[in-house]
Amino acid sequence: MAARTQQTGRSKKRKLVVSTKANRDGSASKKPKLSSSNPANHPNKVFKTPPQKQQQQKRKFERPEMSKFEKSEAGQDKPLTKRERRLRAKQLAEERKKKRKRHYTLEQELASLWEKMRHRNIAKEERSKLISEALQKMTGKIPEIAGSHVSSRVLQTCVKHCSQTERDAVFEELQPHFISLACNTYAVHLVKKMLDNASKTQLAGVISYLHGHVASLLRHMVGSVVIEHAYQMANATQKQELLMELYSTELQLFKDLVSTKESRLEDVISKLGLQKGSVLRHMNSVIQPILEKGIVDHSIIHRVLIEYLSMADKTSAADVIQQLSGPFLVRMIHTRDGSRIGMLCLKHGSAKERKKIIKGMKGHISKIACDQYGCMVLAGIVVIVDDTKLVTKIVIREIQTVLKEIVLDKSGRRLLLQLLHPNCSRYLSPDDLASLNLSIPSLSAEADSLTMSEKESQREEGSGKEDAESDEEGTAAESVEKTSEGGKKDPSLRRRELLVNSGLAENLVDICIESTRELLLSNFGKEIIYEVATGGSGGILHQTLNDKLKNLHGSIASLAAVPKSEESKEEHVLENFHSSRTIRKLVLDCPEFASTLWKKAFEGKCESWAQGHSSKVLCAFWETSDSKVHELAEKELQHLIQSGVLKIPETKQSANEG
């Protein structure tokens, strides 16, 4: 301390010396010094240093901490290595988790067992032992640990591989907690697994537990998955129980009213004597939060929307269509009811809404085309939408990139067949044709009322002649047809712009020429090659692609002209079931192809093809309605028929002779 005082005294003396020198040379200084700035001029005033400066001064005079090397020299604890620090941090984290999680040690034990039981190459006996051990540890705690991301996976594996008695015990323990577990991000997978493995009585018990909670769970992003899974697993009556709860508050409160067998909402309202207005208000309160949250993937929601649109007034129906028109619709059209909603939005939506729907499908066209129900929405687009430039840009261009895959796909070919031969019952089922003609009653009734008012005004203005009345009826019928189709453009013109002007038809013909054999032998491609070879409905391809169609006829005939050989492993096109039937239809419906085929493949060689599937093709030359084709083959076939080598059905032979 004495040394410190000496040092501070010396520094003060030096400062005083400097200050006296400055006073002496004060006359030489340029800037005048204020007397108040010098603390020596105020001897009676005490100056206090601020607390921050005091702390800084203390730090200056404090002894610095010892470094790691000084600690080691002084004999204190050695510094921790990186590994030791990592282990220490891990230990602290484990301690925190134990305090925070109640069943943390149990989860660690279950995780170690799960690592062993989930291997594929493990023996069944060993796995069953591990599963029983895990279930014994979890008994009584399953609802508490089911929400954990570790134990939920362990439970899923146990439920999948355990015995039926063990599964029933787990189900009984979880059943009272299904509603709370259904809203948990991790437990929802366990609930789905339990539903997959549930018996009929257990499934009925789960659906009864869900009663009163269907609407609230459908509004939940996670809970809606459980409702959809239960809806898919349920039978028809159980599905109706889940749906009826969404129709009215009375049906939500009282279980006895739900056991009605009517499936349509209109029949339910008439049987139970419900008020239509209150039902629609309740359904609107259920549907709107679901649409606002974007939970539109589930089939139960699609069914509710279809029923709502069938009963809603025009403003409510238009609002729902406006909400759904856009990217939402792409997530809905994978179900039967969802595709119908898509077609209703296309039919009754405005031009802007149709544009939003088509733009929302951009990048997903190939996937939608190959979907069982999504392909019908694309078929509806080419029938309804008048903006052919937009449809060509988004739909047709994307299809052209994967055209061969779509031609050979069971669902993808429907869009192409709709363009080549619209609304053909041979390619579309009655249900598909009915979905294309669906309409919303309130919106279609508005169109009907407009046409009726126009008709009445024309009657009032006119002279009341019968001819005028018949003309008015014809125009009214035409207008109704246009509203049912959805577009104002002529269907033949729309079809030509999408099929021929877009270049799709030319690409189709090229693919048929390149892959003639593959398409003929295919169960689905044969229909495309048949429609292309005949020129499409109404001969739409003959005007611009007649030369290429002749090349296609030649390529099919050249395949048929390949001589039969027992050594070749490939099946001949005339002996294959699919290709022989396709060639037979072409002979009957396309005289140009029939003459080409006869000259290339059958002339002078009929006897070798008079047996098996190829005989069907020869019979087509005899049965054809075209006289020129019949004359070509008559002499040679007559000889085979008389000799008994070629057998023709008696009905067709008698009809041909007559």
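How many salt bridges does the structure hold? In this predicted model, the structure holds 22 salt bridges, and several of these are taken up below together with a buried helix, a helix pair and a few individual residues.

## Salt bridges between distant parts of the chain

Side chains of opposite charge can pair when their charged atoms come close. One such pair is formed by Asp431 and Arg340, whose side chains meet in a salt bridge with an N to O distance of 2.5 Å. Because Asp431 belongs to helix α28 (residues 430-436) and Arg340 to helix α21 (residues 336-348), this pair ties together parts that are 91 residues apart in sequence. The two partners stand in unlike surroundings, since Asp431 is partly exposed, with a relative accessible area of 30%, whereas Arg340 is buried, with a relative accessible area of 14%.

A second pair consists of Arg426 and Glu531, which form a salt bridge in which the closest N and O atoms are 3.8 Å apart. Here Arg426 is placed in the loop between α27 (413-420) and α28, while Glu531 is in helix α34 (residues 525-533), so the bridge ties together parts that are 105 residues apart in sequence. Arg426 is partly exposed, its relative accessible area being 46%, whereas Glu531 is buried, at a relative accessible area of 3%.

## A third bridge and a shared network

The side chains of Glu506 and Lys548 also meet in a salt bridge, at 3.1 Å from N to O. Since Glu506 lies in helix α32 (residues 504-514) and Lys548 in helix α35 (residues 542-560), the pair ties together parts that are 42 residues apart in sequence. Glu506 is partly exposed, with a relative accessible area of 37%, and Lys548 is partly exposed as well, with a relative accessible area of 24%.

Salt bridges that share partners join Arg303, Glu307, Arg336, Asp337, Arg340 and Asp431 into one network. The bridge between Asp431 and Arg340 described above has both of its residues in this network.

## The enclosed helix α24

Helix α24 spans residues 374-384, and 10 of its 11 residues are buried, so this helix is largely enclosed by the rest of the structure. The buried residues of α24 are Gly374, Cys375, Met376, Val377, Leu378, Ala379, Gly380, Ile381, Val382 and Ile384.

## Packing of α25 against α31

Two packed helices are described by the angle between their axes and the distance between the axes. Helix α25 (residues 388-401) packs with helix α31 (residues 491-501) at an angle of about 35°, and their axes are 10 Å apart; the crossing in which α25 passes α31 is right-handed.

From α25, the residues Thr388, Val391, Thr392 and Ile396 meet Arg494, Glu497 and Leu498 of α31. Sorted by class, this contact has 3 nonpolar, 2 polar and 2 charged residues. An α-helix has 3.6 residues a turn, so residues three or four places apart point the same way.

## Residues of α17 and α14

Glu266 is found in helix α17 (residues 265-272), where this residue is partly exposed, with a relative accessible area of 42%. The side chain of Glu266 is joined to that of Arg264 by a polar contact of 3.0 Å, and the C-alpha atoms of Glu266 and Tyr308, which are 42 residues apart along the chain, are separated by 9.9 Å. Ser270 lies in helix α17 too, but is exposed, with a relative accessible area of 57%, and the side chain of Ser270 reaches the backbone oxygen of Asp267 at 2.8 Å.

Ser224, in helix α14 (residues 223-233), is buried, with a relative accessible area of 0%. The side chain of Ser224 reaches the backbone oxygen of Met221 at 3.2 Å. Once neighbours within four places in sequence are left aside, Ser224 is in contact with Leu217, Leu218, Ile295 and His298.

## A positive phi in the loop before α28

Most residues other than glycine have a negative phi, and most peptide bonds are trans. Asn423, although not a glycine, has a positive phi of about 50°. Asn423 lies in the loop between α27 and α28, and with a relative accessibility of 45% it counts as partly exposed. The loop between α27 and α28 also holds Arg426, the partner of Glu531 in the salt bridge described earlier.

How values were computed. Residues numbered from 1 in each chain as written. Predicted model: local features only at pLDDT ≥ 70, side-chain atom pairs only at ≥ 80, totals over all residues. Heavy atoms only, no water. Buried < 20%, exposed > 50% of the residue type's maximum accessible area, 1.4 Å probe, protein only. Helix = DSSP H or I, 4+ residues; strand = E, 2+ residues; numbered from the N terminus. Salt bridge = Lys/Arg side-chain N within 4 Å of Asp/Glu carboxyl O. Axes fitted to C-alpha atoms, helices over the stretch in contact; angles between N-to-C directions. Left-handed = near helix turned anticlockwise from the far one by under 90°. Contact = heavy atoms within 4.5 Å. Nonpolar A, V, L, I, M, F, W, Y, C, P; charged D, E, K, R; others polar. Polar contact = N/O pair within 3.5 Å; in protein donor to acceptor, adjacent residues only side chain to side chain.
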